[in-house]
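Thanks, everyone, for making time this morning. I would like to walk you slowly through one model, so please keep the picture in view while I talk.

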Amino acid sequence: MGGLLVGRFGTAEHLPLVEPCLKDEEVVHRQHFGNNKVREVQVKDVALSASLHLLKIKPSDYGFPTLQAIRPPNLHYEYQALVFPDDAKRTAAWKKWRDR
């Protein structure tokens, strides 16, 4: 997805390129865990992470738990790193984004 590239190589001036994706709930990645748990990454999650990077805000501050532990930082631009542990964490991240 282009949002990953814009987030990685863009600047705050590129935010308008990502904004249309901030409402897109299409699933772009699924991770299967034990106990038949499936976690999904939506287009809007990727766009949120990219937007945070463009604005120089740490995505881990918005509840992307995988991003708190990842090294090197270039892995922040892979779908599997953008999985929220549950819908409540996703909802909290989006509330924080709207309230900023």
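Let me begin with helices H3 and H5, whose crossing is left-handed. Please keep in mind throughout that what you see is a predicted model. Helix H3 runs over residues 43–54 and helix H5 over residues 87–99, and their axes come within 12 Å of each other while crossing at roughly 45 degrees. Because angles under 35 degrees count as roughly parallel and those from 65 to 115 as roughly perpendicular, this angle makes H3 oblique to H5.

Which residues make the contact between H3 and H5? From H3 we have Lys44, Asp45, Leu48, Ser51 and Leu52, and from H5 these are met by Arg90, Ala93, Trp94 and Trp97. If you sort the residues of this contact by character, you find five that are nonpolar, one that is polar and three that are charged.

Staying with H3, look next at Ala50, which lies in this helix. Is Ala50 buried or exposed? Its relative accessible area is 5%, and since buried means under 20%, Ala50 counts as buried. Leaving aside residues up to four places away in sequence, Ala50 touches Gly3, Gly7 and Val18. With Gly7 the C-alpha atoms are separated by 3.9 Å, although Ala50 and Gly7 are 43 residues apart along the chain.

A second residue to find is Pro59, in the loop between H3 and helix H4, the latter spanning 65–69. Pro59 has a relative accessibility of 5%, and therefore it too counts as buried. Its C-alpha atom is separated by 9.4 Å from that of Ala93, a residue 34 places away along the chain, and Ala93 is one of the H5 residues I named in the contact with H3.

Now to the strands, where S1 covers residues 27–33 and S2 covers residues 37–42, and the two pair in the antiparallel sense over six bridges. Phe33 stands opposite Lys37 in S2. The two strands form a hairpin with three residues between them, and in that turn Asn35 has a positive phi of about 60 degrees.

Finally, let us step back to the chain as a whole, which has five helices and two strands, arranged along the sequence in the pattern α-α-β-β-α-α-α. Of its 100 residues, 37% are buried. Among contacts with a separation of 6 or more, 52% come from residues 24 or more positions apart, and the pair Ala50 and Gly7, 43 residues apart, is a good place to start looking.

Conventions
Residues are numbered from 1 along each chain as its sequence is written. This is a predicted model: local features need pLDDT of at least 70, side-chain atom pairs count only at pLDDT 80 or more; totals for chains, interfaces and linings use all residues. Side-chain values use heavy atoms; hydrogens and water are left out. Two strands pair if DSSP finds at least two bridges between them. Helices (H or I, at least four residues) and strands (E, at least two) are DSSP runs, numbered from the N terminus. Axes are lines fitted to C-alpha atoms, for helices over the stretch in contact, and angles run from 0 to 180 degrees between N-to-C directions. Angles under 35 degrees count as roughly parallel, over 145 as roughly antiparallel, 65 to 115 as roughly perpendicular and the rest as oblique. A crossing is left-handed if the near helix is turned anticlockwise from the far one by less than a right angle, and right-handed if clockwise. Contact means heavy atoms within 4.5 Å. Ala, Val, Leu, Ile, Met, Phe, Trp, Tyr, Cys and Pro count as nonpolar, Asp, Glu, Lys and Arg as charged, and the others, Gly among them, as polar. Buried means under 20% relative accessible area, exposed over 50%, partly exposed in between (1.4 Å probe, protein chains only).
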